[in-house]
Amino acid sequence: MANQVQDLTPDEVSKGVAEGRYLLVDVREPNEVEAEAYPYGVVVPLSTFDPKAIPDPQGKDVVFACRSGKRSVTASLAAQAAGLPYDKHLAGGMLGWKAAGLPSKVGG
């Protein structure tokens, strides 16, 4: 079966993180994160992506996020190719996150 990536809405991701069910992994570049960041999450840039750099989610589901939802799919597929069960991403990325009225922060 081919690897697939599950789309999650900004509200689903925000709620899941708040409830301790999701670990948000931002795959944008450091300069992007410095300009505007998700209020929580870890940064593992796609340009140097190594699935082993993702912290142990300790029972949480990993959800990848980026600016628009493209790089997060790439990261999820790369993680799955490395044998990790990380098949979720934030559809719409930071653009969708802000459009949903969710908070972001400056300075990573």
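## The parallel sheet

Strand 1 and strand 5 run parallel and are joined by three bridges, where strands are DSSP runs of type E with at least two residues and helices are DSSP runs of type H or I with at least four, both numbered from the N terminus. Two strands are taken to pair if DSSP finds at least two bridges between them. This is a predicted model, in which local features need pLDDT of at least 70 and side-chain atom pairs count only at pLDDT 80 or more, while totals for chains, interfaces and linings use all residues. Residues are numbered from 1 along each chain as its sequence is written, and side-chain values use heavy atoms, with hydrogens and water left out.

The pairing of strand 1 with strand 5 belongs to an open sheet of five strands, with parallel pairing and the order 1-5-4-2-3. Strand 1 and strand 3 (42-43) stand at the edges with a single partner strand each, so one side of each is left without a neighbour in the sheet. Further inside the order, strand 2 and strand 4 pair in the parallel sense over five bridges, and two bridges join strand 4 to strand 5, which also run parallel. As a general point, strands of a sheet pair through backbone hydrogen bonds, either parallel or antiparallel.

## Residues facing each other across the strands

Individual residue pairs help to locate these pairings in the model. His89 in strand 5 has Asp7 opposite it, and Phe64 also stands opposite His89 in strand 5. Between strand 2 and strand 4, Leu23 stands opposite Val62 in strand 4. Strand 4 is mostly covered, since four of its five residues are buried, buried meaning under 20% relative accessible area, exposed over 50%, and partly exposed in between (1.4 Å probe, protein chains only).

## Helix 1 and its two sides

Within helix 1 (residues 10-18), the buried residues are Pro10, Val13, Ser14, Gly16 and Val17. They cover an arc of only 165° around the axis, which puts them on the same side of helix 1; the arc is that of the directions from the helix axis to the C-beta atoms. On the other side of helix 1, Asp11, Lys15 and Ala18 are exposed.

The buried residues of helix 1 pack against strand 1 (6-8), strand 2 (22-26), strand 4 (61-65), strand 5 (88-90) and helix 4 (93-99), contact meaning heavy atoms within 4.5 Å. Just after helix 1, Gly20 takes a positive phi of about 80°.

## Helix 3, Ser76 and Thr74

Helix 3 (residues 71-81) holds Ser76, which is buried with a relative accessible area of 0%. Leaving aside neighbours within four places in sequence, Ser76 is in contact with Val5, Phe64, Tyr86, Asp87 and Lys88. Phe64 thus appears both in this contact list and opposite His89 in strand 5.

Thr74 also has its place in helix 3, but Thr74 is partly exposed, with a relative accessible area of 43%. The C-alpha atoms of Thr74 and Asn31, which are 43 residues apart along the chain, are separated by 19 Å.

## Salt bridges

The count of salt bridges comes to seven, a salt bridge being a side-chain nitrogen of Lys or Arg within 4 Å of a carboxyl oxygen of Asp or Glu. One of them links Asp26 with Arg28, the closest N and O atoms being 2.8 Å apart, and both Asp26 and Arg28 are buried. Another links Arg21 with Glu19, where the closest N and O atoms are 2.8 Å apart; Arg21 is partly exposed at 37% relative accessibility, and Glu19 is partly exposed with a relative accessible area of 44%.

Lys88 forms a salt bridge with Asp87, the closest N and O atoms being 3.4 Å apart. In this pair Lys88 is buried, with a relative accessible area of 13%, whereas Asp87 counts as partly exposed at 27% relative accessibility. Salt bridges that share partners also join Lys15, Glu19 and Arg21 into one network.

## The annotated span

The UniProt record, an unreviewed entry, places the feature "domain: Rhodanese" at residues 18-106; its positions are given in the numbering used here, feature names are shortened, and annotations may be inferred rather than shown by experiment. In the model, the end C-alpha atoms of residues 18-106 lie 20 Å apart, and the span is 28% helix and 17% strand.
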